[in-house]
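Biologist: Please take one pocket in this model and go through it closely, then work outward from it. I would like to know what lines it and what the parts around it touch.

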Amino acid sequence: MITKLYKLFCGCLVCCGITATFTSCDDFFNQESDDVLYAEKEHLNNAVDTIYSVTGILTKLQALADRTILLGEVRGDLVDLTTEASNDLREVATFSISDDNMYNKPSDYYAVINNCNYFITHVDTAMKSNRNENIFMKEYAAVKAIRAWTYLQLVLNYGQVPFYTEALLSKEEAEAAETANKADLQAICTYFINDLASIPERYNTETPGYRTIRGVESKVLFFPISVIRGDLYLWRASVTGSKEDYRQAALNYYKYISERNGQNSAYPTGTSYSMWTPGTSNWTSRRFSGGSTFSSETFGENTELITMIAGDSIRAEGNYSELRNLFYSREENNYKVSISPSQRMVDISESQANCVLSYDGNSVTYSPAGLTEHQSGDLRLSDVWTESFQRDRLTGERIETQSIAKYTTRNVHIYRRMMVYLRMAEALNMAGYPRMAFQILSQGLSNRVIQQEVIPYFDFYTAYDSSDSIFVSRFDFPDTRYAVMDVGDIIGAGAVATHNMVGIHTRGSGWTPMNEYYQFPDFIQINDSVFEPIDIDRQQAYVDSLLLNEEALELAFEGTRFYDLMRFAMRQDNPGAFMAKAVYARRGEEKSSEVQAEVKANLADQHNWYLRWKGKIGY
């Protein structure tokens, strides 16, 4: 068997098949002859077999790439479908996914899982190099992270799934597994939190060293363990409400940030932003800093991309990503897209107050409503979404076109830097630190910011205790390595070249630290002369709403939206009502009844948020 991923990279990898084959035409453990690599070997104990097997697992991941994005985006509120959309996509959008829908194939998840199970059981982690180092521990840790990520995606989409951790190598084992233990989201998170905890600390950041393959740095093909653990804790906390789980989620995201580039280094938010020129009056002059953060697939100390799934270069290779054709007008799709930004996405973007500095940096104005090309409010939408038209070369017919700058490559991006920072902020907020979470949005974190804007308020609110200061002290953002931008950086007067940290909201909505419409709520006015402190519960709810909007502004179209809505819904008193209202708002509040009529499932019932397949998986 030629593994497709390695074929994509160098066109020369030949893998062995297995000796035992088994099929069942109606199960989701629908194994093919290549679904478990090297099953005829008792151990994976040499570099060739081990590397080829890891590459085979990455190949299996390719089948999950498009649906990871589409199931996460098309079911949310930030996109709508055009008349070009397939019936399979329409089923996804209307929560009426049939058993034969191309995006409803649990067997693809289990193909990854089964290979991971086999590898984890049989790889020889005890083998030492001549320097007495474990040779295959990097691969072992990487495959454990892939398995955890895949099970998490599976349970997020199906709600309740058959769970097993041993490789299935016979038809009988496969059939037994279909009716074996069923695990829900909380159980999956708990198992893999514990499973990944057993991996030595050094492998949180060390990945298999396969270097660059056909221009792709292999480091971006793996899933950082600390980020996976952060997600597992965040999702479990969303189910249970555990403050400690939220704390652990925040600490794991911070662990990745602080360790990604090694000791005594940093992984700041950077200084990328799109902003109106100070003092502008004609609303056509914009400033950009930092360049594109979406399409770059390089790996360095300050690059945005963390993890991606590589796609094949041509459709005939079998795992060719269709995302470009769905989101981006190209000759290959006759310039006709299937997915476009929704009215709800436009409304969220335009509702932001864009704070524009004066030339001297002492005062601000706000950009007006009604600007063309979706430039009112936050500027990130207009940066990534442009509309135009083409003429048919034969008929001269006008074809409306769009480009979404997040979809210009054949590869599918899974994790990036701002996503990690936003999830850390989400976890901090729900752990009881809304002020610290707000700083991530407003100006960015440094030890100076934490000391001035977070710690002093612990004595102000009775909800804090001594353990809170101890917890916050675990987040170390040295000012020498995390330098928060100031006014001088924006107006060009006395800018400090070493400043490398910006509040995420500033990336599109102007200079947020001086935005009077984007302030942390400390007091509520009782009457003309009496103000009372706002309790932390209300502060958390307020910051939560800011975060949900920020995740839309920053991560739109990247496949996270439905899952973000799920987490936020789980925190509400009425999760179903929250989810239904969000999804129905795709075309704006006035047309929510139109969307409601199209959605085939009652979203007030949480079971209807999930996929089902032939009564064998899902609620």
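Modeller: A pocket here is an open set of grid points with protein on both sides within 12 Å along at least five of seven lines, and its lining residues have an atom within 4 Å of a point. The model is predicted, not experimental. I will take the second largest pocket, which has a volume of about 590 Å³. Its lining is made up of 27 residues. Those that lie nearest the centre of the pocket are Asp-544, Ser-545, Phe-568, Gln-572 and Phe-578. Several helices give two or more residues each to this lining: H8 (225-240), H9 (243-259), H19 (536-555), H20 (561-570) and H21 (575-584). The most comes from H19, with 7 residues. Sorted by class, the lining has 12 nonpolar residues, 9 charged ones and 6 polar ones.

Helix H8 is worth following further, as one of the helices that contribute to the lining. Ser-226 sits in H8. Ser-226 counts as buried because its relative accessible area is 1%, and the cut-off is under 20%. The side chain of Ser-226 makes a polar contact with the side chain of Asn-204, at 3.4 Å. With neighbours within four places in sequence left aside, Ser-226 is in contact with Asn-204, Asn-252, Tyr-253, Lys-255 and Tyr-256. Among these, Asn-252, Tyr-253, Lys-255 and Tyr-256 fall within the residue range of H9 (243-259), another helix of the lining.

Trp-235 is also in H8. Its relative accessibility is 3%, so Trp-235 is buried as well. Not counting residues up to four places away in sequence, Trp-235 touches Leu-152, Leu-156, Leu-185, Cys-189, Tyr-563, Met-566, Arg-567 and Met-570. Among these partners, Tyr-563, Met-566, Arg-567 and Met-570 fall within the range of H20 (561-570), which also contributes to the lining. Leu-156 is 79 residues from Trp-235 along the chain, yet their C-alpha atoms are separated by 9.4 Å.

After H9 comes a loop that leads to strand E6 (273-276), and Asn-264 is found there. Asn-264 has a positive phi of about 60° although it is not a glycine. Most residues other than glycine have a negative phi. Asn-264 counts as exposed because its relative accessibility is 67%, and the cut-off for exposed is over 50%. Glu-373 is a further case, with a positive phi of about 55° although it is not a glycine. Glu-373 lies in the loop between strand E11 (364-366) and helix H12 (380-384). At 60% relative accessibility, Glu-373 also counts as exposed.

Next, the strands. E12 (residues 385-391) pairs with E13 in the antiparallel sense over 7 bridges. The two form a hairpin with 6 residues between them, and Gly-396 in the turn has a positive phi of about 75°. Within this pairing, Glu-387 has Gln-402 in E13 as its bridge partner. E13 (residues 398-404) is largely enclosed by the rest of the structure, because 5 of its 7 residues are buried. In a regular strand the side chains alternate between the two faces of the sheet. Strand E8 (residues 305-309) is mostly covered, with 5 of its 5 residues buried. E8 is joined by 4 bridges to strand E14 (residues 412-416), and the two run antiparallel. Met-308 stands opposite His-413 in E14.

One more buried polar side chain deserves a mention. Asn-117 lies in helix H4 (residues 106-122). With a relative accessible area of 0%, Asn-117 is buried. Leaving out residues up to four places away in sequence, Asn-117 touches Arg-147, Tyr-164, Thr-165, Glu-166 and Ala-167.

For the wider setting, the protein has 22 helices and 16 strands. Of its 619 residues, 59% count as buried. Among contacts between residues at least 6 apart in sequence, 71% join residues at least 24 apart. The contact between Trp-235 and Leu-156 is one of that long-range kind, with the two residues 79 apart along the chain.

Conventions:
Residues are numbered from 1 along each chain as its sequence is written. This is a predicted model: local features need pLDDT of at least 70, side-chain atom pairs count only at pLDDT 80 or more; totals for chains, interfaces and linings use all residues. Side-chain values use heavy atoms; hydrogens and water are left out. On a 1 Å grid over the protein atoms alone, a cavity is a set of points where a 1.4 Å probe fits but cannot get out, and a pocket is an open set with protein on both sides within 12 Å along at least five of seven lines; lining residues have an atom within 4 Å of a point. Grid points are joined across faces, edges and corners, and a volume is the space filled by probe spheres set on the points. Ala, Val, Leu, Ile, Met, Phe, Trp, Tyr, Cys and Pro count as nonpolar, Asp, Glu, Lys and Arg as charged, and the others, Gly among them, as polar. Buried means under 20% relative accessible area, exposed over 50%, partly exposed in between (1.4 Å probe, protein chains only). A polar contact is a pair of N or O atoms within 3.5 Å; within protein, one must be able to donate a hydrogen and the other to accept it, and residues adjacent in sequence count only if both atoms are side-chain atoms. Contact means heavy atoms within 4.5 Å. Two strands pair if DSSP finds at least two bridges between them.
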